Structures are given as C-alpha cells and as structure tokens.
Protein chains: 10
Amino acid sequence: MPEREDIEQLDQLGSEKTSYTFEYDPSLLETFENTHPYRDYFVKFNCPEFTTLCPKTGQPDFGTLYISYIPDEKMVESKSLKLYLFSFRNHGGFHEDSINTIVNDLVHLMNPRYLEIWGKFTPRGGISIDPFVNYGRAGSKYEQLAENRLFQHDLYPEPIDNR
Amino acid sequence: MPEREDIEQLDQLGSEKTSYTFEYDPSLLETFENTHPYRDYFVKFNCPEFTTLCPKTGQPDFGTLYISYIPDEKMVESKSLKLYLFSFRNHGGFHEDSINTIVNDLVHLMNPRYLEIWGKFTPRGGISIDPFVNYGRAGSKYEQLAENRLFQHDLYPEPIDNR
Amino acid sequence: MPEREDIEQLDQLGSEKTSYTFEYDPSLLETFENTHPYRDYFVKFNCPEFTTLCPKTGQPDFGTLYISYIPDEKMVESKSLKLYLFSFRNHGGFHEDSINTIVNDLVHLMNPRYLEIWGKFTPRGGISIDPFVNYGRAGSKYEQLAENRLFQHDLYPEPIDNR
Amino acid sequence: MPEREDIEQLDQLGSEKTSYTFEYDPSLLETFENTHPYRDYFVKFNCPEFTTLCPKTGQPDFGTLYISYIPDEKMVESKSLKLYLFSFRNHGGFHEDSINTIVNDLVHLMNPRYLEIWGKFTPRGGISIDPFVNYGRAGSKYEQLAENRLFQHDLYPEPIDNR
Amino acid sequence: MPEREDIEQLDQLGSEKTSYTFEYDPSLLETFENTHPYRDYFVKFNCPEFTTLCPKTGQPDFGTLYISYIPDEKMVESKSLKLYLFSFRNHGGFHEDSINTIVNDLVHLMNPRYLEIWGKFTPRGGISIDPFVNYGRAGSKYEQLAENRLFQHDLYPEPIDNR
Amino acid sequence: MPEREDIEQLDQLGSEKTSYTFEYDPSLLETFENTHPYRDYFVKFNCPEFTTLCPKTGQPDFGTLYISYIPDEKMVESKSLKLYLFSFRNHGGFHEDSINTIVNDLVHLMNPRYLEIWGKFTPRGGISIDPFVNYGRAGSKYEQLAENRLFQHDLYPEPIDNR
Amino acid sequence: MPEREDIEQLDQLGSEKTSYTFEYDPSLLETFENTHPYRDYFVKFNCPEFTTLCPKTGQPDFGTLYISYIPDEKMVESKSLKLYLFSFRNHGGFHEDSINTIVNDLVHLMNPRYLEIWGKFTPRGGISIDPFVNYGRAGSKYEQLAENRLFQHDLYPEPIDNR
Amino acid sequence: MPEREDIEQLDQLGSEKTSYTFEYDPSLLETFENTHPYRDYFVKFNCPEFTTLCPKTGQPDFGTLYISYIPDEKMVESKSLKLYLFSFRNHGGFHEDSINTIVNDLVHLMNPRYLEIWGKFTPRGGISIDPFVNYGRAGSKYEQLAENRLFQHDLYPEPIDNR
Amino acid sequence: MPEREDIEQLDQLGSEKTSYTFEYDPSLLETFENTHPYRDYFVKFNCPEFTTLCPKTGQPDFGTLYISYIPDEKMVESKSLKLYLFSFRNHGGFHEDSINTIVNDLVHLMNPRYLEIWGKFTPRGGISIDPFVNYGRAGSKYEQLAENRLFQHDLYPEPIDNR
Amino acid sequence: MPEREDIEQLDQLGSEKTSYTFEYDPSLLETFENTHPYRDYFVKFNCPEFTTLCPKTGQPDFGTLYISYIPDEKMVESKSLKLYLFSFRNHGGFHEDSINTIVNDLVHLMNPRYLEIWGKFTPRGGISIDPFVNYGRAGSKYEQLAENRLFQHDLYPEPIDNR
Ligand SMILES: [Ca+2]
Ligand SMILES: [Ca+2]
Ligand SMILES: [Ca+2]
Ligand SMILES: [Ca+2]
Ligand SMILES: [Ca+2]
Ligand SMILES: [Ca+2]
Ligand SMILES: [Ca+2]
Ligand SMILES: [Ca+2]
Ligand SMILES: [Ca+2]
Ligand SMILES: [Ca+2]
Ligand SMILES: [Ca+2]
Ligand SMILES: [Ca+2]
Ligand SMILES: [Ca+2]
Ligand SMILES: [Ca+2]
Ligand SMILES: [Ca+2]
Ligand SMILES: [Ca+2]
C-alpha cells in the first residue's frame, strides 16, 4: 500500500481551497507514484462533465471522455485531472483537436506505457462526433498494442437517436 | 491546435445563410486539414436523421448512419456532411446502394486511410435492412484492416422487434 | 366484425399503385366506419417517421408523433394517415404549429369524441421541443376529459441527453 | 385452496393431446370457478404471441395482448385462452376489430366484473396501431371503473422507433 | 430506535441453524413490534425467488412477488417470510390461488392496516399470468384505500416478449 | 399556420452571427406569438446542456432542465432560450436558486398560463439534487393546476446509482 | 438570488478540512435559508451511497435513499446531509427504523412543509426491503398531502431480480 | 447506382396484388443484381415476425431471425424474402431444422460469398432455443471466415428471463 | 427436413403425462438425430428456471443457465433437458459443481463436438457466483476451440447491483 | 460431486455466529478444494457492496468488484470472501491500490492459474475511476493469457453519466 509521504505530496486532493481556471492550462496536471509498476494494469477515468467552446462560432459543446491507460512510473492524480479538464471550459477547440491535445498532454505528463481517449459529444445539426485517439510507447510492445486496439475500435457503434 | 486560417476556410460551419438541396449532390462535401496526421485515429459521425425515397415505389425510407474513418491529410467538415446527407431526401435509392455510394463519395473526397459506414433502416413489411460497407486504402495495411473489420462484423446483432 | 363492403371502400389499403405527395395535403385523409360505436375505446398510432422543414431556415426536422383518439362514427384509415403525414415532408412548419394543424385536420375529418397528439422532435442547438395538443368534443364529457388529461400531462418527463 | 374436483374439470390443462384450430373459434374458451369471489382482485395475461391476417391484403399481422380482469364467479382457463388466441392465426381481422371481438367473447364467457385488453401491434408502412378496449358490468360500480380507467389511459405512450 | 429486547425476540434472524420446509406452512411466519405505529408508512418486500408446483401437472412454476403493506402493531420478520415462501417449493397451487393464500396468511399474522401482493410469473404455452390481490382493514379508511388502489392498478402493463 | 411576418420577427432563429454571453442575462429571451391561443396545450423543452458554477466553491455544476408550459399569447423562442441558458455558464448559483430564477424570468417574459421546470443535476459528494418548481397564473384555474401538479410530483423517483 | 452572507453561513460547503463520524449523529445536519419561501416547490436528494449495520448480526447493509421535501423557511445543506448519512456507517439499525429516524431528524431540523423518504436496500436471503415514510405538517394542507401521496405510493413496483 | 431496368425486374417490390402462401415454398425467393460486386460488404435482414408450427404437437412457435450475408453477383429481394418466410407459417419444423433449411435455400438462390442466420425463439416449458448456422463458399477464404465466425459465436449470451 | 420416424422416437415431446423428479437423475436426458451433421453449427438453450439446494445449509439457490453446443450425431431433446434440470430442484450442490456436472452429463449423452455452460446465480450475502465451464472433443480442433473460448471469456462483465 | 468432508471443512458457510472486522484482514480468506482440477474453467464473483475510505480525506468510497479466476487446486470460499471484502470498510486506500492488494491476496491464497479484478467506483468531483488488474501464473500459458486479456480490455467503455 502507498506510503504516507506519497499521499502527502498530492497538492489537490483534499486541499483546502481550490480555484478554477477556465482557459486551457496543462500545468494543472499533477502525478503521483505508481506503487505497482511491476505489472501492467489499466486505470480508466469516466469524465461525463467535459465542455468546450466551438472555435468558429463560440457556442458551448458538451461531451463525455473515457480516458484509459497503463501506467509506468507515474499516475495522473484525479483531482488535478478534473481541474485540467475544467480548463477547457471557455477554450475554443474542435472535438478531434481537443482529444488529440489531451492525449499529448497526458503522455507528456506521465510517460505511460499505453493511453487512449474516446470522446463522445452531443449533436449539432443532427450529427454528433466521437473521436478515438490512442498512444503506445514507441519502440515497445505497447506501440503495437495501440495499433491493435485502434484497429479493433468500435465494431459495435452504440445506438444513437439524439434523444 | 488548428491555425486560425484553417478554421476560416470552412464555408459551411457558422455560415450566414444555408440553402438546402434535396437531390443527391456530392459537391456539397467540404474538407479541412487534419492537424494530427502523424497518428492514426478514428472519427465517428452518428447520423440518425437520414432519409431517402424507395426507387421503385417512391415511398420515404428512414435510417441511421454510423460513419467512422481514419483520416489521412483531409477530414470531412461535419456541416457539409449534414448538407450532403440532406441531399438524399428526395432522391431514390435502395439502402444497399445508398451506403455504397456514400462510401465512394467520402473516399473520393478525403482519400482516407480507412472508412466504414453502417446503415440501420426502419422496417418495411416487417423486415428491416442494415448494410455495412467499408474501405481500406489499396496496397496499404488499411486494406487488410478493412477485410479484418468486415470479417468480424456484427457477431452480436442488436435485438430488433419493430417497436 | 366488419362487413365486406366496408373493407372495399378503403382506397389506400392494398391499393395497386400509390403516389406520394410531399406538400401538405389534408385531402389525403380517408375514413372507415367504426363498427363498435356502442363503446368508448382508444386507438393509438405510433408514427416515428415524421419529418418537416423549418419554416425559416428550410432545414429538415424530425420527430415522432403519438396520436391517440376515441372514435365516434368514423375512424381514420392508417394508410391514408401515412400519406397525409408524408405530405409534410417538404412543407415548412414550426413543431407547435404542425401538431396543432394535425389535430385540427383529424378532428375535422373524423369528428372524434376525443383526440390527442404528442410530438417529440430531435434537438437543434442542444434543445428539443415536444408539443402536446388535445381535443374533446365541445359540450360533451369529452371536453372535460381533454382538460383533465392535459392537466395531468407528463408529470414524468422522459430522460433526454441528446444521444 | 381449490378443491380437487375443480381442477379435474379443466379439459385443456395437462390434457394428453391437443389439436389446434387456426380459424376463429370462441367455443375453445373454458372456465373454472373463482375460489376467492369474496374480494375484487386482478388477473393479467401477457400474450406476446398473437397473430392474425389483414382482412384486405391477407398479410400476417403480429401483436402483443395484455388482458386484465376482475373475476366474478368464473375465470378463464389459461390453456383454453391460448387455444382461442391461436384460432385467430389464419383469420382476417383489423386490429381494432379483433380486440373488440376478444373483449366481447371473454365478457360473454365469464361475466367478469371488469375486463380490459391493450393490443400492441408491429408497424405496417412505418405506423403501428395499439387499440385499448375495456368493459365494466352495466349498472354496477365497475361500469364507472371502466370509464375512469379509459379516461386515464396511456398518458405516457411508450417510446416507439420501429427497431 | 428499537429496544434491544425486541431484537432478541426474533427467532430466525441470525439464528444458528435453519432447517427448510418445502410444504406449505404458515406457522413459519413470525412478527416483531412496529416501533413507529404513530404514522402510516409502507414497507415493501421484493421476492424474486418464488417457486411452486402446478397442481394439475406437477410442473415447477416460477414467479416474483412484490409484497407491500402499511403496518399496524406488528410487522412480519423478513427471514421468517423467506422461510414461509420457501415452504411453497414443493406445494401445488394455481398462481391466483397462491397469491390470495399469502395475502390471507399475512393479514391473519399481522393484522395490517393495508396489504397488497403482485405476483409476476413466467410463461407456460406463451402466456404468463400476473395476479394482483390487496386488502384494507374492514370498516377503516384502509378498506377504501384497497378499492382505490385496485381500481388504479396497472394502467401501464410492462412490456413482455417472453425473452 | 403562422404568418410570414411572424416568422420574420424572430431575431435569433437562423440569424447570421450569434455571440454568446456567459454571465446571467435574462434580456436574451425573445418571444413570438402563439397562433393557437384558443386552446390549452403543452410545449416542453428538453435541455440537457445546462451548466453553472457553484456560488461558494466556483466549481462547475451540470444538469438537465425539463421546461414545460401552457402558453397564453406569447411563446419563448427556442434559440433565444438556448442563449439565455448559456448565460448561466460562468455564473454562480445554487441549483434550487437557479431553477426558481429561470421560472421567474420565463413567467415575466411570456405571462404563461402555466409553467414548470424540473432540474436534474450530477452528484457532488455522492448526492445529487433535483429541484422541481412550478407556477400557475394567480386567480385562474392554473393556480390550482400548479398545486395539483406539485402535489402529485415524482411519486416514482428514477433509479440513481451515480454511474 | 441568495445574499453573500447567506452563503458564508454554511460551515460544510467548501470547508477546508472535514472529519467524518461513523456513529449516528444528527447534530451534523445544518440548514440555510430558503430564498423562495413564497412558493411551494420540491427538492430531491438522490443518495445511492447509504450503508448501515444490521443491529442483530452486525453485517453491513446497503441502500439508496430518495429524499424529497417542500421547504418552509429552512433548507438542509447538502454537504451536511452527506455527513449525517455517513454517520450511519457503523451504526446498527433495521431498514424501517433507519428511514423513520431520518424522517424525524430532518423534520426536527427544517420544519418543512412536507417530506418523504424512499429507501431501497439490497437483498439478504433473496429478499430486499424498501420502506417509504412521509410527513406533512400537522394541521396544514400538507398533512392531507402526506396521506394522499402515501395512499398513491408505488402502484408500479420496479422490476427486481437480484442481479 | 442501379440501372432502371434492374429495378423493373423485381416482381414483388411494389407489385399490385400479392397473395400469401403459408406452406413452405422456396420458389417464392427472387434475386436482383449486386451493383457493387467489386467489394465485400454485409447486408443484414432483421426478421422479428417469423412463425412456424411444432412438427410433433402442431403448436405455433415464434422467433426472430437475423440473416446476414456478403453478396456475390445476386442479392435476395427483401419482399420476396418476406413472402418466403411467411410460407413457414403453417408448416411444421423444429427450430434447428428450419434455420438450416433457410440457410440452404438462400445459398442455393444467391450463391453468396458468406451467409449466416441466428434464430431466437420464445420459450416452451421455460426453455428457449437459439440456433446459429452459417456458410462460407467452399474452397474460398469465406469458408475459413465461416469457421472463424462460428468459433467466435455468442461469447456474451443475452440475458433471458422469459419475461 | 427430419423424417417422420425421427420425430416419433422422442418420448417426452408432446407426451401425454409427464411425471417430475426432483432428485438428480441424468437418465432423464434423451437425444434425437442431428439431420445436418455435414456442418458445424451452434444450438443454445436459455434456461432461466434453474434451482438447487445449498449442500451445507439446505437453502434454495436460483440461477440461469446458458447452454450452447455444436452437435455431432446426436442432439439433446429440449423437453428431456427441462426434466433433467428440474431434477436438481431438491438436490444439494455448489454452483461450480452443478455446472461441471451438467457439462459432464451432456458430453456423455451426446458426444458433442463442443459444449459450454454459463451459470448466473442470485446473490447470497451480497455476492453472486457465475461459473463458466466448457468442453471440446479431445484430439480435435474443438479442443483448441474450448481453450480459445475460455481464454476470451467475459471480458465485459454485465453490470450487477443486486436489484 | 464434492465429498461430505470437504463441505464440513468450511468454517464460514452456514456458521452459527459471524463477527465482522472492518479493518483490512487477509487472514479472513478461506479455501476449499477444487473438485474439477482436470479442466480450466472460470468462476466469477459479482461484489456490488464494496466500500473503503479515502486515505487522504477519510471520506467513504463505494464500488463494485468483478472478480474472475481459473482455479487450480484451491478455490476461495464465498462467505470468507465476503468477510474479507467487509474488512476494507473502515480502511483507507486508493482505488488502484485496493484492487492490486486484493489481487495479490487472492493469488497468495489460492495460487490460481489466472485471476482478474475490475473495480468500478462512484464519482468524486464528477470523475469516476475503474481499475482493472489481472494475473497469470508466471512461466505458464496463463501468463500470456493475462497479457492478452489486459491488452483486449474494455474496448467498449460502458456509458457513464453520473446519474
Ligand atoms: Ca430510439
Ligand atoms: Ca438515445
Ligand atoms: Ca438518450
Ligand atoms: Ca422486445
Ligand atoms: Ca425494439
Ligand atoms: Ca424501439
Ligand atoms: Ca422481455
Ligand atoms: Ca442500481
Ligand atoms: Ca430480469
Ligand atoms: Ca435487476
Ligand atoms: Ca427479459
Ligand atoms: Ca447500476
Ligand atoms: Ca441490476
Ligand atoms: Ca444519460
Ligand atoms: Ca445510473
Ligand atoms: Ca447512468
């Protein structure tokens, strides 16, 4: 189980007073140490409260992000992840671009073995957009894992009727 | 993140006045540049508001299209996709043919690495028809991807009772 | 059970060749005789394939209509109802107005004891609109029925998340 | 609990060899004695395997019947009800007429205090039809019950999308 | 909150060694004192593991019982209820009769202000049977409550397709 | 059906360039004329993209609003409603207060016969809050309607497990 | 909208350091002022993370509470409600008793016009228990409201199969 | 898109007067030309209105068929498929045998590259039977495809409780 | 299609008088000839009415069995399967052991190419147990099939909340 | 089937008096002998009543564990598993750490061929965390199985909206 010091290092979890930033800020992300690096395992974050602005019209967009990864030495702290995702609130970005950006930021932060994000957004004009982006560490078996998972992605699209 | 100019090039998104064409018109489709061509990733469009006419009886048909692709240099702009799908509204076509035509048009437009469409229509005479068509760029690994995904297609048909 | 002649009087059911009109035409509606006028009973039509055009933008709109009524002497024939609903296909109308119009047309056609329509449309700009309109024959107990049903309407809105 | 003789009087339940009639035959219906006539209570039959023929086109139709009643002295035996419903298999009838006929036959058979049937059929031409017919013994409080239940009927139509 | 002695009086809850009877035995039922008799409130037991034998064929039948009541001075102890329901396991009884019997036994046991049971059984021959029986103390307002609840019973039959 | 002029009066629907305000601004609301004032009927807006800030912590909150009303002379235009709801985006307010405020603003805007809003928010600390607020025009039968609907509100809470 | 001071009075919301008590402690409950006392409206708390111990066996029990009320002058603060519900964690109590106790504590705290709680617990021995308790201020119309809502309670038990 | 003549060749679609055969008749099946033979793609027919008779007892059986195939030169016309499936209505056959027979008939008709049928029937005696049969053209890669799909079949049986 | 004689050989199907055994008896199982042995195909039995006794406490247990197999020469007759499963009714056995026993009995009976059973039981003490056991004929490709299917088993556990 | 002695060795199942420990205690776990070690098969435990404390804030957390394994010689007894999981009740641990700890404890206890646990927790701050951890015996084919199952994990995240 985690050492007491390790818990103490987390700034955000249980912190007294949090202030929220609504402009894109990847510096909000924090990590803690993986205490089980001797095995591969998955951690998933379900994030149904993601919102951005359309970069052209300025209109708010809404989506759910499913973030899944195999950690190496570092893990992203969940409260800091929340703050980071909040920082997209008044930021303009296309859905495909936002998801790619978050993948890049989390890879830079944690250097994970593997990471993937599936974004599922609400429709505009009767059509909704769902990007899926993943990453596997270059030169490792996880690089092949990324291609395999991408190539098996979403053979069963969920039923959507905009209601 | 996308350059400002790139956003400006999109005719349809946020445009002032849109007129709608209800006869098949693939020239309505527009593209924008993929800002993350360095990786393979999927984009899916959920399109539950697709309608055509039966080519023999003239009766309206209704379906949902699930369009998924791995972009290369170009991506289809979602508002132009909406207009293109609207252009089938008073156009006659069998379900199997419409889906094949849309695949061909989107492949011609974007030259994607991979693309697939699953159409799910409402029943006539107690039977509904669901075509699934895909494409992988010839001579690339995506050609094999297309066969693999087709050959794994729909091992779990969704329950249908026409209600 | 219905007499043979009564069945013969229906033009549309099983007719050889149907042509479809996509401009609003209430003259498409036909009736047949209620063979059980000695009792009050309900008939409901589930109509998930209703589409119109937005009167201002011309953009296609999509909805499901639930039409329920207590017949008196006449009943609306279901195939003619289908053709009548198809006639809204290229016609412009706000949702609230379309539903009121259909109520008025069916009341004029059948002179039913009671009739109600609930329309449920797909969202535009993240918001969907669901009108509910009903009618009870003036001066009868069905007039009070209409008010009672309206006043009990939709105490449990169905969950909507635009997906 | 029921006497042994009462059980013995049922022809159909557990009978050795059943033959099936596929033309409308109300004489198939059998009753047994209600052993709890001192109280009002409901019995419901869920019947999802009902099929008839369209009286004009001859095409098979399919529906689910929900039959509910408050017995008086007699109760309908469920196996005989099954055989009776099977007898509509090759019989032509409109949905509204079939449900009214079944109500009339069951009322004639059992003389129940109250009885209701809700039929829910699969769509033809994109529209499905759901009749609801009920009966309360004339001159009793059940007559008012029938009107009350009819007048509260189906304030929440179930979602239907023909899939 | 309940006194310690009251808890001690319950034989079955947490008892060391339970033996199970599979022939109908209402003496298995036990009560404990209602510590909140100053108000009317409901307690519901969801019992999805009820099974009996068909009295004519001997074939096992299966159902779910929903038992709801307003207690007066006594409440039925849930473990003793479980044992009582188990006692129907190898006992023959028609569905309508079993539910009436359980209502009678629980009324005799607890003398509740109000009690109701809805049984929902699995189909035989494509038809399933769901009895609903209730009771209100004679001469009290609960007698009227029983009629009111019966007369409002099941206006929305749950969808059943035998799968 | 609505006159052409009436449609022209709507500023927001189909307007060329919309700018979005994220601070509470009831002046964004616009109306159009009810063309069917001769009858009572309901219009419901499903609004699953509502977000505010917690007034104490500043943390984003998310909810779905179900807005239902019986119009009198004026109706709220749906695009202006969207903009008004967007104006809560960076505004601080408790859930109970936001819903009461929106009720007050819409009543002031339209002077409807009846109006109600049910807000359903996502949990904080494992508990979610769902306010329901309604209004009936004072001194009319709609005042009694409001009490009746409130007093029948939510007898069947939807199942919530925070997933 | 609420005054700034009113927000400041809340101890728990956004407080720096919370300590959790796992023995029943009604003093944890806090109130804030209802800023809309001029109208009746409902507030519901969905609480799916409720757990206690069985008073006889000591085994953990789990349930979901649905708490709904019409406030008068005071409203219960949601974070303090969370802490209060946590205080049942290592406390022994039968389900019926816990719900009655919480009703009593909240009535004592807020003096609401009306309040109700529906508890839904997981099964032990194949049977689950769901108490429903409500309260209306004595001598007011809310006293009658409480009886009316109790007497209409749960006419449609949710399907339960213990999976 | 299909040539006009090809559409004209279809006898059944939109034909004036259809007569229905209720004894097994594979000659009812018709084909039309595949206009996209240059690629492999799937077409699925959802057929929830399939009924036969038990060959021993004569009792009606009911099922849903999911028919999926990769066409070669010919495709089965959907109205003729409907008539062919209707022809099982008064025909006796075990479920496993009916599905194998339909596979054989469709293979003989179309000479498809690949074809599969999953039948899902309603229960008799508490047990339901779901056969899955497939075919791949001998000596082609589709023969291996058939084995692969069979060997991956139904790793996740749908939940069944006979209700 | 099956020969008449083959149908006549089945003892149980449609037999006049069935007696039920509630102690484990594998001799109840009967077979009939597979008329399509030239191909591999799957047959699944959905069996939601399985019940046994706990071997230590004697308490009834309840589960659903999903039995799937690829027949060789013989197939298990479904009514005899029902009687065999009934024979566990008053028999004591742990869940893991019952499923292994049934697999062994069916393999011994039919000598199938492949067979698997997934049992899903209701919870005791808040935990439910779901065994999955399969078999492939030794020395054939079906032996490898068994390992492959086991090793891919249940990557997506169904959501369970004991309600 | 299991020998009588083997059943007698289980301390917890049916034991007279159980006391519950709410501090982490792996010594509570007990095993019994696998009577079918000659084949690989899966046993799954569905555990929806898991709760711990957050190690930093002390706040209760709630989750569902899906535990699946292929036994070798020993199997974990389900009542002892229940007591072991209860022992996390007042113990502090991050979700990722708890799941890894339970995997390690069960591997140490049973020396299984393969084991996996998927934890699904309720959200804090709008985000929920779902760890998935597995194990395959080193140097055996089950080690490769563990990697294969991990690498195929959760390609279809379940929809989460925190309600
Ligand atoms: Ca739908
Ligand atoms: Ca939907
Ligand atoms: Ca939805
Ligand atoms: Ca169904
Ligand atoms: Ca359906
Ligand atoms: Ca549907
Ligand atoms: Ca069902
Ligand atoms: Ca739940
Ligand atoms: Ca179920
Ligand atoms: Ca359930
Ligand atoms: Ca079911
Ligand atoms: Ca759940
Ligand atoms: Ca469940
Ligand atoms: Ca949702
Ligand atoms: Ca939920
Ligand atoms: Ca949910």
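These notebook entries record what I looked up in a predicted model.

**Entry 1. The fold of chain A**

I began with chain A and listed its secondary structure, which comes to 4 helices and 6 strands. Read from the N terminus on, the elements of chain A follow the order α-β-β-β-β-α-α-β-β-α. I then looked up burial: chain A has 163 residues, and 71% of them count as buried. I also looked up the contacts in chain A between residues at least 6 apart in sequence, and 68% of these join residues at least 24 apart.

**Entry 2. Salt bridges within chains**

I searched the whole structure for salt bridges and found 119 over all chains. I then examined several of them one by one.

I turned to A:R149 and A:E116, whose side chains meet in a salt bridge with an N to O distance of 2.8 Å. Which parts of chain A does this pair tie together? A:R149 lies in helix 4 of chain A and A:E116 lies in strand 5 (residues 114-121), so the pair joins parts that are 33 residues apart in sequence. I checked the accessibility of both partners. A:R149 has 1% relative accessibility and counts as buried. A:E116 has 5% and also counts as buried, because the cut-off for buried is under 20% relative accessible area.

In chain H, I looked up H:E116 and H:R149, which form a salt bridge at 2.9 Å, N to O. H:E116 is in strand 5 (residues 114-121) of chain H and H:R149 is in helix 4 (residues 141-151) of chain H, so this pair ties together parts that are 33 residues apart in sequence. Are H:E116 and H:R149 buried or exposed? I noted that H:E116 is buried, and so is H:R149.

In chain C, I recorded a salt bridge between C:R124 and C:D61, with the closest N and O atoms 3.5 Å apart. This pair links distant parts of the chain, 63 residues apart: C:R124 is in the loop between strand 5 (114-121) and strand 6 (128-136) of chain C, and C:D61 is in strand 3 (residues 60-70). C:R124 is partly exposed, with a relative accessible area of 24%, whereas C:D61 counts as buried at 8% relative accessibility.

**Entry 3. A network across chains**

I next noted a group of residues linked in a network of salt bridges. Its members are A:K44, F:R163, J:K120, J:D130, J:D154 and J:E158.

**Entry 4. Where chain A touches chain B**

I counted the residues in this contact: chain A gives 38 and chain B gives 44. The area buried between chain A and chain B is about 3,500 Å², and carbon and sulfur atoms give 58% of that area.

How many salt bridges are there between chain A and chain B? I found 3 salt bridges between the two chains. I looked up A:D130 and B:K44, whose side chains meet in a salt bridge at 4.0 Å, N to O. Between chain A and chain B I also counted 16 residue pairs in polar contact.

On the side of chain A that touches chain B, the elements that give two or more residues are helix 3 (95-110), strand 6 (128-136) and helix 4 (141-151) of chain A. The largest share of that side, 7 residues, comes from strand 6 of chain A. I sorted the residues of the side of chain A by kind and obtained 18 nonpolar, 12 polar and 8 charged.

**Entry 5. The calcium ions**

I first looked up the calcium ion (ligand 2), which is coordinated by A:D161 (OD), A:R163 (O) and C:R163 (O) at 2.3 to 3.0 Å. From A:D161 to C:R163 the pair crosses between chains, and each residue lies in the segment after helix 4 of its chain. A:D161 counts as partly exposed at 38% relative accessibility, while C:R163 is buried, with a relative accessible area of 14%. I also noted that A:D161 coordinates both the calcium ion (ligand 2) and the calcium ion (ligand 1), which are 5.3 Å apart.

Which residues are the protein donors of the calcium ion (ligand 4)? I found B:D161 (OD) and E:D161 (OD), lying 2.2 to 2.4 Å from this ion. The pair crosses between chains, with B:D161 in the segment after helix 4 (141-151) of chain B and E:D161 in the segment after helix 4 (141-151) of chain E. B:D161 counts as partly exposed at 39% relative accessibility, and E:D161 is partly exposed at 40%. Finally, I recorded that the calcium ion (ligand 4) and the calcium ion (ligand 5) are 5.3 Å apart, and that B:D161 coordinates both.

Technical notes:
Residues are numbered from 1 along each chain as its sequence is written. Chains are lettered from A and ligands numbered from 1 in the order in which they are written. This is a predicted model: local features need pLDDT of at least 70, side-chain atom pairs count only at pLDDT 80 or more; totals for chains, interfaces and linings use all residues. Side-chain values use heavy atoms; hydrogens and water are left out. Donors are N, O and S atoms within 2.8 Å of the metal (3.2 Å for Na, K and Ca); water is not among the atoms, so sites may look incomplete. Buried means under 20% relative accessible area, exposed over 50%, partly exposed in between (1.4 Å probe, protein chains only). Contact means heavy atoms within 4.5 Å. Buried area is the accessible area (1.4 Å probe) that two parts lose on being put together, summed over both. A polar contact is a pair of N or O atoms within 3.5 Å; within protein, one must be able to donate a hydrogen and the other to accept it, and residues adjacent in sequence count only if both atoms are side-chain atoms. Ala, Val, Leu, Ile, Met, Phe, Trp, Tyr, Cys and Pro count as nonpolar, Asp, Glu, Lys and Arg as charged, and the others, Gly among them, as polar.
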